[in-house]
Amino acid sequence: MAHSYDVIVVGLGGMGSAAAYHLAARGQRVLGLERFGPAHNLGSSHGGSRIYRQAYFEDPAYVPLLLRARELWDKLAADSGREVFTETGGLMIGREDSAAFAGTLRSAQTWGLDHEVLGSADIRRRFPTFAPAAEDVAFYERRAGVARPEATVSAHLDLAEAHGAELHFAELVLGWEADGPGGKAWVVTDRGAYTAERLVFAPGAWAPKLLSGLGVPVTVERQVMYWFQPEGGIGPFTPDRHPVYIWEDPDGTQIYGFPALDGPDGGAKVAFFRKGVPSDPDTLDRRVHPDETEEMAAHLRTRIPALPGRFLKGAACMYSNTPDEHFVLARHPDHPQVTVACGFSGHGFKFVPVIGEIVADLAIDGTTEHPIALFDPRRVRVHDVPR
């Protein structure tokens with residue numbers, strides 16, 4: 001006989017752990033299912049750091065969600081006692097017409113967000129770790145910072161359990177189905193079968209294998225993160241001196257990076273944004289190859305002179321991309337008792353706390369007061385989306 005719950009959450013990474021917590025905190029009998037262990041490094045919610053920023057060049061429609069996410073990160077830190085967020089300030093560097101600068105400035109002006117605009121000489125004076133070209137400008141946002149993925153996932157899991165959620169790890173979902181509208185949902189795993197009034201999917205890179213009929217395709221891309229030890233040590237790269245940043249070249253290539261967050265031996269983390277290759281999450285190449293490291297090192301040498309310094313380590317993770325790079329966050333078009341949170345396209349982690357809140361709204365009430373129309377899977381097809 002299948003065990004019965006109010007809500008089953010499939011996937012307990014960034015989004016799923018937050019959903020499990022918010023659902024359990026609202027009194028739901030929650031079962032969480034995760035194919036790996038808690039706060040693992042085999043999906044997309046690992047690597048020690050993720051950028052949080054409020055002025056969003058991807059679309060100003062994201063800003064209200066980011067403001068709420070920051071409130072919830074502060075609450076999560078207080079409730080869990082964990083260091084889940086560090087405010088460092090953030091720079092968006094590029095030419096005046098770059099997405100990183102112009103799009104961010106437009107978003108800040110739309111929402112009246114506090115910011116500064118810096119010329120090349122201002123950047124060098126205020127943040128001497130950077131060596132911008134004369135034509136570069138920067139948007140500086142004081143409230144930007146670093147979200148800690150492993151600590152965030154662990155905090156949400158601990159709080160979910162404290163509110164009565166039952167969490168199963170190392171349990172593989174083999175299949176699922178949902179009865180007609182208003183009916184129950186069923187999940188079969190390699191350990192058993194479960195049923196619930198509602199089902200939540202937050203499967204990360206496994207979305208293409210577990211979900212169909214969304215109307216928005218999700219493709220998986222391998223990405224690499226790099227840690228370098230700066231020449232001369234981490235002194236100029238501490239969080240109070242070296243902000244998070246996104247730097248866009250005239251050809252559209254973007255890198256992003258962080259201060260040295262983990263002491264003198266941890267180095268500074270950098271990565272390319274959207275410079276990966278299509279991959280299968282079950283056969284992902286997790287090695288970091290010398291030619292990849294050298295490509296990143298060459299890119300850094302003229303932009304951040306103390307980097308690359310000495311290469312310390314690298315790690316592979318995955319983006320789960322939609323064609324328009326916007327999320328899928330809604331009830332399933334064919335199964336109203338199923339809520340889907342996937343396709344976060346490489347920029348989702350900064351939203352984790354508010355995604356948990358939204359998923360709980362959708363699963364329990366069928367709607368949310370948060371603005372999520374942009375993420376409806378029934379949105380226009382990719383060839384109709386203006387970019």
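# Walking through a predicted model

Trainee: Over which residues does pLDDT stay under 50?
Mentor: First, pLDDT is the predictor's confidence in each residue, running from 0 to 100. A contact here means heavy atoms within 4.5 Å, and the model has eight contacts beyond four places in sequence for the stretch in question. The stretch where pLDDT stays under 50 is residues 381-387.

Trainee: And what pLDDT does the chain average?
Mentor: This is a predicted model, where local features need pLDDT of at least 70, side-chain atom pairs count only at pLDDT 80 or more, and totals for chains, interfaces and linings use all residues. Residues are numbered from 1 along each chain as its sequence is written, and side-chain values use heavy atoms, with hydrogens and water left out. Of the residues, 98% score at least 70, and the chain averages a pLDDT of 95.

Trainee: Is tyrosine 52 buried or exposed?
Mentor: Find it in strand S3; helices (H or I, at least four residues) and strands (E, at least two) are DSSP runs, numbered from the N terminus. With a 1.4 Å probe and protein chains only, buried means under 20% relative accessible area, exposed means over 50%, and partly exposed is in between. Tyrosine 52 has a relative accessible area of 0%, so the word for it is buried.

Trainee: Which residue's side chain makes a polar contact of 2.8 Å with the side chain of tyrosine 52?
Mentor: A polar contact is a pair of N or O atoms within 3.5 Å; within protein, one must be able to donate a hydrogen and the other to accept it, and residues adjacent in sequence count only if both atoms are side-chain atoms. A polar atom of the tyrosine 52 side chain lies 2.7 Å from the backbone oxygen of leucine 66, but that's a backbone partner. The side-chain partner at 2.8 Å is glutamine 54.

Trainee: How far apart in space are the C-alpha atoms of tyrosine 52 and glycine 348?
Mentor: Along the chain these two are 296 residues apart. Setting aside residues up to four places away, tyrosine 52 touches Lys350, Phe85 and Arg143, among others. Between the C-alpha atoms of tyrosine 52 and glycine 348, the separation is 9.7 Å.

Trainee: What backbone atom does the side chain of threonine 189 reach?
Mentor: Threonine 189 sits in strand S11, residues 185-189, and is buried because its relative accessible area is 5%. Its touching residues, beyond four places in sequence, include Leu33, Val173 and Tyr194. At 3.0 Å, its side chain reaches the backbone nitrogen of arginine 191.

Trainee: What volume does the largest cavity have?
Mentor: Rolling a probe the size of a water molecule over the atoms shows where empty space is left. On a 1 Å grid over the protein atoms alone, a cavity is a set of points where a 1.4 Å probe fits but cannot get out, while a pocket is an open set with protein on both sides within 12 Å along at least five of seven lines; lining residues have an atom within 4 Å of a point. Grid points are joined across faces, edges and corners, and a volume is the space filled by probe spheres set on the points. The structure holds two cavities of 30 Å³ or more, and the space in the largest is about 800 Å³.

Trainee: Which element gives the largest share of the lining of the largest cavity?
Mentor: There are 48 lining residues, with Gly43, Ser44, Ser45, Gly204 and Met318 closest to the centre. Elements giving two or more residues include helix H1 (14-25) and strand S20 (338-342). The largest share, four residues, comes from S18.

Trainee: How many charged residues are in the lining of the second largest pocket?
Mentor: Ala, Val, Leu, Ile, Met, Phe, Trp, Tyr, Cys and Pro count as nonpolar, Asp, Glu, Lys and Arg as charged, and the others, Gly among them, as polar. This pocket has a volume of about 170 Å³, and strand S13 (219-229) supplies four lining residues. Its lining has four nonpolar and two polar residues, and the charged ones number five.

Trainee: Where is the serine with a positive phi of about 55 degrees?
Mentor: That's serine 345, which is not a glycine. It is buried, since its relative accessible area is 1%. Its place is the loop between S20 and helix H8 (352-365).
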